[in-house]
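Open the model in your viewer and show it as a cartoon. The stops below say what to select and what is found there.

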Amino acid sequence: MDGFVGIPLDEGQMADDVILLLLLGLLMIFAIVFRTNILLFYKMLKDVWQVKERQNLFENISGNEFFYGNFMTFQALFLAAISLFSIGRIYQYIPYTELKVAALCFSIILVFLYVLYEFKKGVYSLIGFVFVDKERLKLWKTNYHAIIRTWGMTLYLPVFFLVFMDRHFLPAVILFVILYFLCRFVILYKSVGIFFNKKHGFFYIFMYLCGLEILPLVILYRVIIFLYNFIEASAIWH
């Protein structure tokens, strides 16, 4: 601790340590969940690469599917929040000298990602209820969640690079961007395969791209800029 052994902490060292502990704790929990739900993990990977309209009646999947699905979704959102937080800190959009300020910024990003995720799920269900039959909508939801959760696992690589090697951050940022667009490309590819069978299927995909993929990126950018201006202008943080 600062002053206890006569060696002062660097700026942001406490926040770095907290993020590292959270990241290692999340990784340990993921290892346990993976070990106890290995069949659900294999099923998730199959849902990413295959479009199976009907489940095999003889396929018996053991494990807590509700807990597994919610944890994998939380893991994806949490790692995405760490990535955006680290990138914002590196490019000096987010102040990093105090633990409370860093915790507030990270919490805002995490809550925003969660609200955006739930909002998109609600809009998906609403549009799908109007334009798509229930079976195809259910199939699409299964594939969509599987892709998001698999993408969340791949984020461990850029996140660890951003946390441990922040001085050589550019490859990690590029990898994060590549993984994000690869995830969206797979979602688009699967959506075309599921929905593009009737005339209204094209309209559904068009609404999906414009309203739920492009617009949220603009909103996220505006939220980060607002957060930066708010912290800079507020006398509380100075």
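Colour the chain from the N terminus onward, and the elements run α-α-α-α-α-α-α-α. That makes eight helices and zero strands. Keep in mind that this is a predicted model.

**The whole chain**

Before selecting anything, take in the chain as a whole. Of its 238 residues, 42% count as buried. Switch on the surface: the accessible area comes to about 14,600 Å², and 70% of this belongs to carbon and sulfur atoms. Now turn to the contacts between residues at least 6 apart in sequence; 78% of them join residues at least 24 apart.

**Helix 3 against helix 6**

Select helix 3, residues 65-90, and add helix 6, residues 156-164. At what angle do the axes of helix 3 and helix 6 cross? They cross at roughly 35° and come within 10 Å. The crossing of helix 3 and helix 6 is left-handed.

Show the side chains that make this contact. On helix 3 they are Gln75, Leu79, Ile82, Ser83, Ser86, Ile87, Arg89 and Ile90. On helix 6 they are Tyr156, Val159, Leu162 and Val163. Sorted by type, the residues of the contact between helix 3 and helix 6 are eight nonpolar, three polar and one charged.

Stay on helix 3 and pick Arg89. Is Arg89 buried or exposed? Its relative accessibility is 14%, so Arg89 counts as buried, the cut-off being under 20%. Add Cys105, which is 16 residues from Arg89 along the chain, and draw a line between the two C-alpha atoms: the separation is 9.9 Å.

Next, pick Val163 on helix 6. Which residues does Val163 touch, leaving aside its neighbours within four places in sequence? Val163 is in contact with Ile19, Leu20, Leu23 and Ile82. Asp16 is also worth adding here: Val163 and Asp16 are 147 residues apart in sequence, yet their C-alpha atoms are 7.4 Å apart in space.

**The aromatic rings**

Now show the rings of the aromatic residues. How many aromatic pairs does a search of the whole structure find? The search finds twelve. Two of these pairs are visited here.

Start with Phe30 and Tyr156. The centres of their rings are 5.9 Å apart and the planes stand at 35°, so this pair is tilted. Phe30 belongs to helix 1 (residues 13-36) and Tyr156 to helix 6, so the pair ties together parts that are 126 residues apart in sequence. Both Phe30 and Tyr156 are buried.

Go on to Trp140 and Tyr144. Here the ring centres are 4.9 Å apart and the planes are at 15°, so the pair is stacked; planes under 30 degrees apart are counted that way. Trp140 and Tyr144 both sit in helix 5 (residues 134-154), four residues apart, which is about one turn of the helix. Both Trp140 and Tyr144 are buried.

Return to Phe30 and widen the selection. Phe30, Phe34, Phe41, Tyr42, Tyr156 and Phe160 form one aromatic cluster.

**Two more residues on helix 5**

Select His145, which has its place in helix 5. With a relative accessible area of 17%, His145 is buried. Not counting residues up to four places away in sequence, His145 touches Tyr117 and Lys121.

The last stop is Leu137, also found in helix 5. At 11% relative accessibility, Leu137 counts as buried. Add Ser125 to the selection: Leu137 and Ser125 are twelve residues apart along the chain, and their C-alpha atoms are separated by 7.7 Å.

Terms used: Residues are numbered from 1 along each chain as its sequence is written. This is a predicted model: local features need pLDDT of at least 70, side-chain atom pairs count only at pLDDT 80 or more; totals for chains, interfaces and linings use all residues. Side-chain values use heavy atoms; hydrogens and water are left out. Rings of Phe, Tyr and Trp (its six-membered ring) pair if their centres lie within 6.5 Å; planes under 30 degrees apart count as stacked, over 60 as edge-to-face and the rest as tilted. Helices (H or I, at least four residues) and strands (E, at least two) are DSSP runs, numbered from the N terminus. Buried means under 20% relative accessible area, exposed over 50%, partly exposed in between (1.4 Å probe, protein chains only). Axes are lines fitted to C-alpha atoms, for helices over the stretch in contact, and angles run from 0 to 180 degrees between N-to-C directions. A crossing is left-handed if the near helix is turned anticlockwise from the far one by less than a right angle, and right-handed if clockwise. Contact means heavy atoms within 4.5 Å. Ala, Val, Leu, Ile, Met, Phe, Trp, Tyr, Cys and Pro count as nonpolar, Asp, Glu, Lys and Arg as charged, and the others, Gly among them, as polar. Accessible areas come from the Shrake-Rupley method with a 1.4 Å probe; for residues, only the protein chains shown count as cover.
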